[in-house]
Amino acid sequence: MSQPTLTQRMLNKVELYGNKLPDPAVLFIALLGFVWLLSWALSGISFNAIDPRTGEQLIINNQLSGAAFTQFLSSMVNNFSHFHPVGVVLVAMLGIGVAEYSGFINAGLRSLLAKTSTALLTPLVILIGIVSHTAVDAGYVLVIPLGGVIFYAAGRHPLAGIAAAFAGVSGGFSANFIPSAIDPMLQGISQAGAQILDPKIVLNPLNNFYFTAASSLLITGLGWFITDKIVEPKLADNKLDGNLEDLPKMEPLNTQEGKALSYAMWSILAGVLLLIATALPESSPWRADGGSLNAIGAPLMKSIVPLIFLFFLLPGLVYGITIGKINSSKSFVEGMSVAMSGMGYYLVIMFFIAQFIYSFGQSNLGILLAVNGAQFLKALDLPGSVTIVGIIVLTGFINLFVGSASAKWALLAPIFLPMLMQLGISPDLAQAAYRIGDSSTNIITPLMPYFPLVVVFCQRYVTTTGIGTLTAMMLPFSLIFMVCWTIFLLIYWSFGIPLGIQASYDYIAG
């Protein structure tokens, strides 16, 4: 047996010490207590910082005060029931559960694998993960687990497939050649932040589109190399000991399965055509008030997860009925029940994450971190290219504590953009830098709401998987993505290639 490389030994150490951390649920209980104590200790201190949301002095709210603690208890149920990742995952899993129970996903993957070279599975999974951003959070509940299933069915390590998919979905969150809801959302925040200095400035919603489209090729290539050359070789010692009986095998479809799969795919096509037909008219109820289909408030964008539910439920039913697996209402509901039975651990973790995020937000600790970090960067007065690198690194660091891309940019944009505009750097370039820092560290922070879900997906194959295992798997992606993506932006900038539609690199006061 060959000796492990230096990189593999370092990652083994990360996994070893990371897995010594408490169970994720207990970790968030401890973090919740830490936030309470820290907010109490800092609540009486003046930090000389201005809250960008209100324009008033920023103060830390003591979460152990009587009023705050009673408010925490009275909000506990709502914190959990209204926590966005909970509903997204459960609704999508109901439809996916039927499709998996009926055998539709199994048959579809076997058919796909029969036509795809094993060597090309990695870029395929990463690219699908990148494209899944168009469907908001769909990639987390759909693409990541399928990455494991596809790799396992092809005779490769399933955790490598999960890592590749996670890298595409989350690490490459800001790399996409298809516009998505995140583009106008970030642009709206950027424009509001830029108008603090220049009330007349207007940004295009696709001001980073050319750069994110080019970045999708970069992330796919980097992810392919990292998965095949660094991550998968290290996983050779992670023996599979989960419940693998129901996972797809590399067996050809028989006549009945082929017929059922054909009917199921036709049902998907019919559903897509129906959706297109109802969305095309200018008066379509799928459109927002201004007639846009991809605006943040458009009913189509709000319905992505329910549509995922339906687009898996429909072919799952068609396949199951044709094959004979679903022959009664009981078997139909059983498919959903089986899917839900595997989500118990996830729900426990989500309960404590929701409480932690609520208290962290109420305390203003995250805002203080963001404000002071940005002010420190401003005080350094560095050259433009170095400042952009600093923005990327600072964003990546803050992302370890404040996971939401929109919430974090809403805090940072009012500080970063006026500062950078005074240095002659455009809001378009600053937003592109922010997106790199945000995406690159998504995949290594347990505070990211979907991180525990990915741990659960891994435990399906290797029951001993913990925070350390997943962090060690994703750390090479995070570091290499951040370094190479930053260099890519600087080279892109040096050649003057347009960032997006109506975008610029320089800000000139009008």
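Helices α6 and α8 cross in a right-handed sense, a crossing being right-handed if the near helix is turned clockwise from the far one by less than a right angle, and left-handed if anticlockwise. The model is predicted, and local features need pLDDT of at least 70, side-chain atom pairs count only at pLDDT 80 or more, and totals for chains, interfaces and linings use all residues. Residues are numbered from 1 along each chain as its sequence is written, and side-chain values use heavy atoms, with hydrogens and water left out.

The axes of α6 (residues 121-131) and α8 (residues 158-171) come within 7 Å and cross at roughly 35°; axes are lines fitted to C-alpha atoms, for helices over the stretch in contact, and angles run from 0 to 180 degrees between N-to-C directions. On the α6 side, the contact (heavy atoms within 4.5 Å) is made by Thr-122, Val-125, Ile-126, Gly-129 and Ile-130. Helix α8 contributes Gly-161, Ala-164, Ala-165, Gly-168 and Val-169. By class, the residues of this contact comprise 6 nonpolar, 4 polar and no charged, where Ala, Val, Leu, Ile, Met, Phe, Trp, Tyr, Cys and Pro count as nonpolar, Asp, Glu, Lys and Arg as charged, and the others, Gly among them, as polar.

Over the whole chain, 21 helices and 0 strands are assigned; helices (H or I, at least four residues) and strands (E, at least two) are DSSP runs numbered from the N terminus. Of the 510 residues, 53% count as buried, with buried meaning under 20% relative accessible area, exposed over 50% and partly exposed in between (1.4 Å probe, protein chains only). Among contacts between residues at least 6 apart in sequence, 81% join residues at least 24 apart.

Aromatic pairs number 16 in total, rings of Phe, Tyr and Trp (its six-membered ring) being paired if their centres lie within 6.5 Å, with planes under 30 degrees apart counted as stacked, over 60 as edge-to-face and the rest as tilted. The rings of Phe-209 and Tyr-210 form a tilted pair, because their planes stand at 55°, with centres 6.1 Å apart. Phe-209 is buried at 18% relative accessibility, whereas Tyr-210 is partly exposed at 36%. Phe-211 and Phe-488 have ring centres 5.8 Å apart and planes at 25°, and the pair is therefore stacked. Since Phe-211 belongs to helix α10 (residues 209-234) and Phe-488 to helix α21 (residues 467-494), this pair ties together parts that are 277 residues apart in sequence. Phe-211 is buried, with a relative accessibility of 2%, and Phe-488 is partly exposed, with a relative accessible area of 23%.

Helix α21 also contains Thr-486, which is buried at 9% relative accessible area. Not counting residues up to four places away in sequence, Thr-486 touches Val-389, Ile-392, Ile-436 and Phe-481.

A single aromatic cluster is formed by Trp-36, Phe-69, Phe-72 and Tyr-358. Two members of this cluster, Phe-72 and Tyr-358, are in contact with Asn-79, as are Ala-354 and Gln-355, neighbours within four places in sequence being left aside. Asn-79 lies in helix α3 and is buried, with a relative accessible area of 13%.

Trp-36 is also among the contacts of Asn-62, together with Ser-39, Trp-40, Ser-43 and Ala-68, again leaving aside neighbours within four places in sequence. Asn-62 is located in the loop between α2 (24-42) and α3 (66-81). The C-alpha atoms of Asn-62 and Ser-43 are 5.4 Å apart in space, although the two residues are 19 residues apart in sequence. The side chain of Asn-62 further reaches the backbone nitrogen of Leu-64 at 2.9 Å, a polar contact being a pair of N or O atoms within 3.5 Å in which, within protein, one must be able to donate a hydrogen and the other to accept it, and residues adjacent in sequence count only if both atoms are side-chain atoms.

Positive phi values were examined in residues other than glycine. Asn-364 has a positive phi near 75° and occupies the loop between α15 (344-363) and α16 (365-380). Gln-502, likewise not a glycine, has a positive phi of about 55° and is placed in the segment after α21. With respect to accessibility, Asn-364 is buried at 8%, whereas Gln-502 is exposed at 67%.
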